Amino acid sequence: APSWPKLLTLKLSANNITSVLGTIDDWSSLEFLLLDYNRISYISPCVRTMSNLIVLDLENNFLLELPDSIYSLPQLSELHLKGNQLRSMPPIPANSNITQLYIGDNQLTDFSFLDASQTEELFVQSNYDPCYIRGIQGDCECVGPPFGLGTCECGEG
């Protein structure tokens, strides 16, 4: 497998890739990994070896779940997961550096994984059931899309 110890940005968008991890020996220097518009359905827990990664773009793939180790990346601040098939996500630890999280167009209904999040920008539009949000403000029943137009009535949960 190739080794690129000085590689900072790797853009492999729109290549019908089904798996990437394990094909390159040394991922440690990468800061930007762009894998959007592929066919990736699985992320190996070995993702934690990318210790310098700042941006991970996995938008528009076939992901069903994420490994907990995704949050152990010390520099990761932007995580793009829009347009996958995620039904749940592991809880974001309080020490996570993720400030931008893009999780729209998935199948999420439970957002309790955000409880400890330091997220500054959160994009959740068009999930599986956008009128039922659990975990942000208790249990909410909404008419219209949440976080925008429409109204929500929330319990204390």
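The exercises below work through the strands, the aromatic pairs, the salt bridge and selected loop residues of one predicted model.

The model is predicted, with local features requiring a pLDDT of at least 70 and side-chain atom pairs a pLDDT of 80 or more, while totals for chains, interfaces and linings use all residues. Residues are numbered from 1 along each chain as its sequence is written, and side-chain values use heavy atoms, with hydrogens and water left out.

**Exercise 1. The strands and the sheet**

Determine which secondary-structure elements the protein contains, and describe how six of the strands are arranged in a sheet.

Solution. Begin with the elements, which are DSSP runs numbered from the N terminus (helices are H or I with at least four residues, strands are E with at least two). The protein has nine strands and zero helices, and the elements accordingly read β-β-β-β-β-β-β-β-β from the N terminus on.

Turn next to pairing, for which DSSP must find at least two bridges between two strands. Six strands make up an open sheet with parallel pairing, in the order 1-2-3-4-5-6. Strand 1 (9-11) and strand 6 are the edge strands, each pairing on one side only. From one strand to the next, the twist averages 5 degrees, where axes are lines fitted to C-alpha atoms and angles run from 0 to 180 degrees between N-to-C directions.

Finally, take one pairing in detail: strand 3 and strand 4 are joined in the parallel sense over three bridges, and Asp 57 has His 80 in strand 4 as its bridge partner.

**Exercise 2. The aromatic pairs**

Find the aromatic pairs in the whole structure, and classify the geometry of each by ring centres and planes.

Solution. A pair of aromatic rings is described by the distance of the centres and the angle of the planes. Rings of Phe, Tyr and Trp (its six-membered ring) pair if their centres lie within 6.5 Å, and planes under 30 degrees apart count as stacked, over 60 as edge-to-face and the rest as tilted. The search of the whole structure yields two aromatic pairs.

One of them joins Tyr 102 and Phe 123, whose centres are 4.6 Å apart with 0 degrees between the planes, a stacked arrangement. This pair links distant parts of the chain, since Tyr 102 belongs to strand 5 (residues 100-102) and Phe 123 to strand 6 (residues 121-123), 21 residues apart. For accessibility, buried means under 20% relative accessible area, exposed over 50% and partly exposed in between (1.4 Å probe, protein chains only). Tyr 102 is buried at 17%, whereas Phe 123 is partly exposed at 33%.

The rings of Phe 111 and Phe 113 have centres 6.0 Å apart and planes at 35 degrees, so this pair is tilted. Phe 111 is buried, with a relative accessibility of 1%, and Phe 113 is likewise buried, at 4%.

**Exercise 3. The salt bridge**

Identify which residues form the salt bridge, and establish which parts of the chain the pair ties together.

Solution. Side chains of opposite charge can pair when their charged atoms come close. The criterion is a side-chain nitrogen of Lys or Arg within 4 Å of a carboxyl oxygen of Asp or Glu, and the count by this rule is one salt bridge. Asp 105 and Lys 82 form a salt bridge in which the closest N and O atoms are 3.6 Å apart. Because Asp 105 lies in the loop between strand 5 and strand 6 and Lys 82 in the loop between strand 4 (78-80) and strand 5, the pair ties together parts that are 23 residues apart in sequence. Asp 105 is partly exposed at 32% relative accessibility, and Lys 82 is partly exposed at 27%.

**Exercise 4. Loop residues**

Examine the backbone of Tyr 37 and Asp 105, and then the side-chain contacts of Asn 106.

Solution. Tyr 37 is not a glycine, yet its phi is positive, at about 55 degrees. Tyr 37 sits in the loop between strand 2 (32-34) and strand 3 (55-57) and is exposed, with a relative accessible area of 51%. Asp 105, also a residue other than glycine, has a positive phi near 60 degrees.

Asn 106 lies in the loop between strand 5 and strand 6 and is buried, at 5% relative accessible area. The side chain of Asn 106 reaches the backbone oxygen of Leu 81 at 3.0 Å, and a polar atom of that side chain lies 3.2 Å from the backbone oxygen of Gly 104.

Key:
A polar contact is a pair of N or O atoms within 3.5 Å; within protein, one must be able to donate a hydrogen and the other to accept it, and residues adjacent in sequence count only if both atoms are side-chain atoms.
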